[in-house]
Amino acid sequence: MRTLEEPADGQENHVLFDRLSALDIAAFVVDGVDLSPGAAIPSDGDIRIDRALAGFLFTCGPEHIRHPEPIEGGARYPLHGSLAGTAVSHTQMASDGAECTATIEVALADGGQARIERRWRIDAGRHEVVLEDRVVNVGTSAFPPMMMYHVNIAGRLLGPVTRILSASLADGESIWRFGNGESAHFCLPAAIGLDGWSDVTLAGLAGLGGRNLQVRFRIDTLPFLQMWRCQRGEADVISIEPVSHRIAKRPELAAAGELIPLLPGEARSYAIAFSVA
């Protein structure tokens, strides 16, 4: 399944969805160049995540994010939650190819049940791709939603002049190879714009002729900007990761009142957008 965007500047963009993994984005092709990292990723030994991480965008949640943690009774929340690797149960593409909706039924690790109502669309005015998610608790018990969107970019496209630009950063910008060593990450409170969204730009992508990739996201339900990079062995990837929770173990988040339950029948909404210019 594929959508096609042709912005006013003549740039041709293709978004290729993965129906077997939550209708995430397997490839984002700009003028013939795929921004996704493909095989240039590290493996944690989870085939769901290996497949998802190789694509341009994958979603972790809706009941857990980051590394596995124990559930009372002996089970464990899986790496990046239960959504990755879940096939869509229903999809519909608009006749003009500018919108695609999907429904994903997710069996949660703690025995609950959630439905993701997903809408991808092209915003022609802003020349960007927009994702709107609605997480609905369709089970019989409450659970605290946790969501993170991994926008994965092939490191081969970056160059010495590439910079990360965002009001969320202390100085407003950073070199793309931040931190020390072969791999590094950070998670910061996201700066809010006048429209209630935050943004971050990976500027000066050498492999795209110096173009910029901008990612925007709703800050009310995605209040943190996380970024991760890995240049280890054959892995060469950098990720922009808007996220609902700071980096901390579940007991710490719960004690701080940051795991807000979603009751049966209730819903919570998230949104993220990206563009190349």
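**Entry 1: the core.** A nonpolar core, as I use the term, is a set of buried Ala, Val, Leu, Ile, Met, Phe, Trp, Tyr and Cys residues joined through side-chain atoms within 4.5 Å. I am working from a predicted model, so please read these notes with that in mind. I looked up the largest nonpolar core and found 57 residues in it. Phe56, Trp120 and Leu213 have the most contacts inside that core.

I then followed Leu213 outward, leaving aside its neighbours within four places in sequence. Its contacts include Leu35, Phe56, Val151 and Ile153. I also noted Val200, Thr201, Leu202 and Leu205 among them, along with Phe274, Ser275 and Val276. A second, separate core turned up too, with 21 residues. Phe58, Ile65, Ala84 and Met146 are included in this second core. I kept a general reminder beside this: in soluble globular proteins, nonpolar side chains tend to be buried together.

**Entry 2: two hairpins.** Next I traced strands 8, 9 and 10. Strand 8 (residues 90-93) runs antiparallel to strand 9 (residues 99-107), and 4 bridges join them. I picked out one pairing here: Met93 has Cys100 in strand 9 as its bridge partner. The two strands form a hairpin with 5 residues between them. In that turn I found Gly97 with a positive phi of about 75°.

Strand 9 also pairs with strand 10 (residues 113-123), again in the antiparallel sense, over 9 bridges. Thr101 has Arg119 in strand 10 as its bridge partner. This hairpin of strand 9 and strand 10 has 5 residues between the strands, and Gly111 takes a positive phi near 100°.

**Entry 3: the largest pocket.** Which residues lie closest to the centre of the largest pocket? I got a volume of about 600 Å³ for this pocket, and of its 28 lining residues the closest to the centre are Arg66, His67, His80, Gln226 and Trp228. I sorted the lining by class and found 13 nonpolar, 8 polar and 7 charged residues.

I also checked where the lining comes from. Helix 1 (47-53), strand 12 (148-154), strand 15 (183-189), strand 18 (224-230) and helix 2 (250-255) each supply at least two residues. Strand 15 gives the largest share, 3 residues.

**Entry 4: the second largest pocket.** I found about 170 Å³ of space in this one. It is lined by 13 residues, and Ser244, His245, Glu258, Ile260 and Arg268 are the closest to its centre. The lining divides into 7 nonpolar, 3 polar and 3 charged residues.

Conventions
Residues numbered from 1 in each chain as written. Predicted model: local features only at pLDDT ≥ 70, side-chain atom pairs only at ≥ 80, totals over all residues. Heavy atoms only, no water. Pairing = 2+ DSSP bridges. Buried < 20%, exposed > 50% of the residue type's maximum accessible area, 1.4 Å probe, protein only. Contact = heavy atoms within 4.5 Å. 1 Å grid on protein atoms, 1.4 Å probe; cavity = no way out; pocket = protein on both sides within 12 Å on 5 of 7 lines; lining within 4 Å. Points joined across faces, edges and corners; volume = space filled by probe spheres on them. Nonpolar A, V, L, I, M, F, W, Y, C, P; charged D, E, K, R; others polar.
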